[in-house]
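Dear colleague,

I am handing over the structure below, and after it I set out what was found there. Please read the notes alongside the coordinates.

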Amino acid sequence: MTVDTSANDWTKARRKPVKSSATQDDSRTDKFSGRIVYEQGLLSNVSILRIGAVMNDETAVPRTPAVCLEPDWTPTQRPDLPLNLDWKQAASARFEFSFDLPAAVPCLGLGERFSALDLRGTVHTLLATDNSDHNEAADPLYKSIPFLILYSGNQSIALFLDSAAPQKWDLDSALNERAKISLLTRRGWQLYVFGPAPVPDLVAAYTQLTGRCDQPPRWSLGHFQCRWSYPDDQTVRDLAVEFRSRQIPCDTIVLDIDYMDEYRVFTVSGERFPRFNSMVSDLSAINFRLVTIVDPGVKYDFDYATFTEGSRLDLFCKKADGTLFLDEVWPGVSAFPDFMKQETRSWWSEKLRFYTDQGISGIWNDMNEPAFFGKKVVLDPDALELPEPERQLFMQETESGPVGHLEVRNLYGFEMCRATREGLLKQRPDERPFVLTRSAYAGIQRHAAVWLGDNMSWWEHLRKAVPMLLNVGLSGMAFCGVDIGGFGGHGSAELLVRWYEQGIFYPFFRNHSMMESRAQEPWMFGEDVESKIRHLIETRYKLLPYIETLFFEHRTTGAPLMRPLLWHYPDDTVAARVSDQFLFGRDILVAPVVERATVIRPVYFPEGRWHSIDSDQVFTGPSFHAVKLELGKVPAFVREGAIVPLAEVMQSTAEYRDNGITFYIFGDTADGAFYEDDGSSFACLRGSYNLWQLTWQNGNLHSECRKDGCEGSTRKYRIKHGLTERSVELNTTR
Ligand code: MIG
């Protein structure tokens with residue numbers, strides 16, 4: 001079998017407008033001859049204008065699967081548009097949008113960008129790409145989320161350009177206070193304009209439109225340990241025993257690609273994992289779960305059922321001439337399922353039974369841009385138009401007929417995750433599924449958690465993780481994290497401890513590293529380091545009730561767990577510019593150290609008093625303070641006026657159900673909330689959960705039961721206020 005490794009098709013794409021045919025290519029004239037539809041709607045009290053472009057040959061705007069809830073739209077005439085927003089069709093496969101971007105307006109969101117919090121001053125490309133070189137020039141990356149917030153306090157505006165075709169957002173790179181988006185497509189699009197409104201309302205509206213993350217299964221909020229790869233049965237068993245004997249909390253071991261038989265998805269290597277089932281059940285007996293990686297590439301192998309079935313059912317992507325598209329990935333030459341097709345998704349979701357039958361708890365979808373070892377660059381970065389459809393590597397089947405791959409490339413990961421989640425739900429209808437993905441399009445939060453791909457064991461990547469995750473969260477993906485300790489390169493003791501200090505606040509909490517890089521399991525750097533990391537991971541587990549309460553808040557309001565300071569302090573102009581700290585929920589301010597050999601850093605405290613979690617220090621804002629943050633201490637501060645529920649230390653979340661909870665009370669008057677449910681079923685979505693609103697006044701805790709819908713556990717509650725500690729009962733309505 002030979003694979004066509006000739007020059008990429010994009011070389012045939014036109015790079016610059018051809019001067020000799022100026023009338024045809026003059027980008028100053030608008031070539032649009034279709035129709036524009038204006039509609040007005042309302043979500044979360046935010047007004048939304050939807051602008052839809054319908055091409056001449058289309059009956060309606062081609063829809064992406066991003067939007068899951070439609071408000072009642074009212075057709076309207078072209079209204080006055082904010083920011084002098086305008087657009088035109090500049091070429092047959094290019095639209096250009098432009099709008100004002102006053103210098104005082106920070107730009108936030110846009111998914112996964114290697115950037116500080118404010119995205120201004122550069123061009124951001126949205127085209128799903130396996131780019132493992134995360135440096136300042138890293139553009140594009142794996143995810144494409146065309147949702148941008150233009151921050152102006154309570155008068156902020158947001159744009160969502162719903163098209164899965166390649167986009168470039170130039171956020172005032174010329175410093176002339178104008179922004180430009182070019183969208184390379186031959187199809188129609190929809191542009192949503194939200195606001196003006198405060199940021200939390202914009203995100204509430206956007207996440208109503210595109211969905212939110214359901215309450216995650218409890219185990220997926222625990223600690224994950226991963227490595228490319230734990231190669232065999234015995235290594236995995238030993239690893240689990242190591243965690244338990246060292247009393248380092250952990251819920252999940254993740255199996256990377258080497259668990260498979262020559263990287264064939266839906267197989268396990270019989271040689272290295274001869275008794276896979278009994279390994280899974282032995283691990284489960286000590287409360288360990290397994291997650292396995294599943295890549296999209298299906299090995300081109302006529303003795304392999306997944307391949308022969310997929311070809312017989314015509315579920316793989318094909319070139320315009322009708323032959324199979326093949327390229328190399330881990331299994332060697334491979335075919336790629338066309339997940340745009342419903343039949344492909346239901347086939348894939350059935351196949352997932354292979355994993356659920358073996359007791360696998362969750363699925364990790366990697367390489368789903370999709371990445372190819374052969375065609376690493378799928379579109380000329382300077383292309384001004386898309387190549388003809390038949391030159392876009394292959395065709396994909398959409399609801400409105402076949403289109404060139406690049407028109408919908410940004411949806412490949414999304415649709416794969418949709419199929420994966422559906423499969424887990426089919427096989428285990430009463431269990432909340434867990435899916436993790438690298439590539440994503442708007443709305444992915446309904447289907448999967450995300451991590452940000454191949455970072456390095458570098459201080460710079462520890463530093464960038466904060467603003468990157470903040471923008472990811474503002475873009476709807478609340479369940480997110482980066483590889484703790486760094487994926488590539490050799491980690492160090494100090495870096496790993498500092499990484500856990502901030503990582504315990506990542507909603508998705510996983511240590512992962514690349515093959516051949518220095519091992520970085522928590523005990524690999526000696527006893528002192530191990531005990532520091534143990535303390536940090538224990539703190540994460542103690543935060544579980546607070547974290548579950550934050551996920552409840554996310555699913556009811558869209559609020560991310562990691563929030564920029566401006567989320568809660570919109571009138572504080574300094575807070576708006578802080579890019580290296582975050583709020584974990586309303587009440588915990590995290591200010592991680594991200595430099596080697598540094599123990600003192602400036603920390604900005606918004607108004608109020610802030611109590612250090614790991615020391616007796618109290619700081620008053622609004623002000624910067626030079627704060628000493630010793631290695632291994634939790635770099636976080638609780639807002640005075642908060643009540644934070646903390647659990648007892650546990651080795652896995654399986655111990656949580658009857659675990660005691662202590663409400664830590666900060667200040668003489670304080671409030672907070674506490675949410676609990678069964679941790680695994682969908683009953684919570686039907687109202688089976690408990691929710692208390694807690695207030696502390698005159699030395700008493702008042703618990704107002706907002707919801708009393710799930711069987712109480714036998715847990716005991718306590719309060720801690722300064723030196724006072726005592727047990728309390730919570731009110732019930734039963
Ligand atoms: O080509 O499965 O980002 O987390 O360990 C590399 C091996 C493929 C890339 C993922 C990384 C994973 C690795 N994968």
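**A leucine in helix α3**

Leu 239 is part of helix α3, which covers residues 233–246. Please keep in mind throughout that this is a predicted model. With a relative accessibility of 7%, Leu 239 counts as buried, because residues under 20% are placed in that class. Leaving out residues up to four places away in sequence, Leu 239 touches Gln 225, Tyr 230, Ile 253, Glu 521 and Trp 523. For one of these partners, Gln 225, the separation from Leu 239 is 14 residues in sequence, while the C-alpha to C-alpha distance is 9.2 Å.

**The ligand and its surroundings**

Which residues are closest to the ligand? Of the 13 residues that surround the ligand, the closest are Asp 256, Asp 366, Arg 438, Asp 454 and His 512. By class, the shell is made up of eight nonpolar residues, one polar residue and four charged ones.

Three side chains in this region can be described by their distances to the ligand. In Asp 256, a polar side-chain atom is 2.5 Å from an oxygen atom of the ligand, and in His 512 a polar side-chain atom lies 2.9 Å from a ligand oxygen atom. For Asp 366, the partner is a nitrogen atom of the ligand, which is 2.7 Å from an N or O atom of the side chain. The ligand on its own has 350 Å² of accessible area, and the protein covers 95% of that area.

**An arginine in strand β2**

Arg 50 is located in strand β2, residues 46–54, and its relative accessible area of 6% makes this arginine buried. The side chain of Arg 50 forms a polar contact of 3.2 Å with the side chain of Glu 70, and another polar contact, of 3.0 Å, links it to the side chain of Tyr 192. When neighbours within four places in sequence are set aside, the residues in contact with Arg 50 are Val 37, Tyr 38, Glu 39, Glu 70, Trp 73, Gln 190, Leu 191 and Tyr 192.

**Cysteines**

How many disulfides does the structure hold? The number is zero. Two cysteines can be placed by their accessibility: Cys 107 is buried, with a relative accessibility of 0%, and Cys 705 also counts as buried, at 14%, because the value is under the 20% cut-off.

With best regards

Terms used. Residues are numbered from 1 along each chain as its sequence is written. This is a predicted model: local features need pLDDT of at least 70, side-chain atom pairs count only at pLDDT 80 or more; totals for chains, interfaces and linings use all residues. Side-chain values use heavy atoms; hydrogens and water are left out. A residue is near a molecule or strand if one of its heavy atoms lies within 4 Å of it. A polar contact is a pair of N or O atoms within 3.5 Å; within protein, one must be able to donate a hydrogen and the other to accept it, and residues adjacent in sequence count only if both atoms are side-chain atoms. Accessible areas come from the Shrake-Rupley method with a 1.4 Å probe; for residues, only the protein chains shown count as cover. Ala, Val, Leu, Ile, Met, Phe, Trp, Tyr, Cys and Pro count as nonpolar, Asp, Glu, Lys and Arg as charged, and the others, Gly among them, as polar. A disulfide is a pair of cysteine sulfur atoms within 2.5 Å. Buried means under 20% relative accessible area, exposed over 50%, partly exposed in between (1.4 Å probe, protein chains only). Helices (H or I, at least four residues) and strands (E, at least two) are DSSP runs, numbered from the N terminus. Contact means heavy atoms within 4.5 Å.
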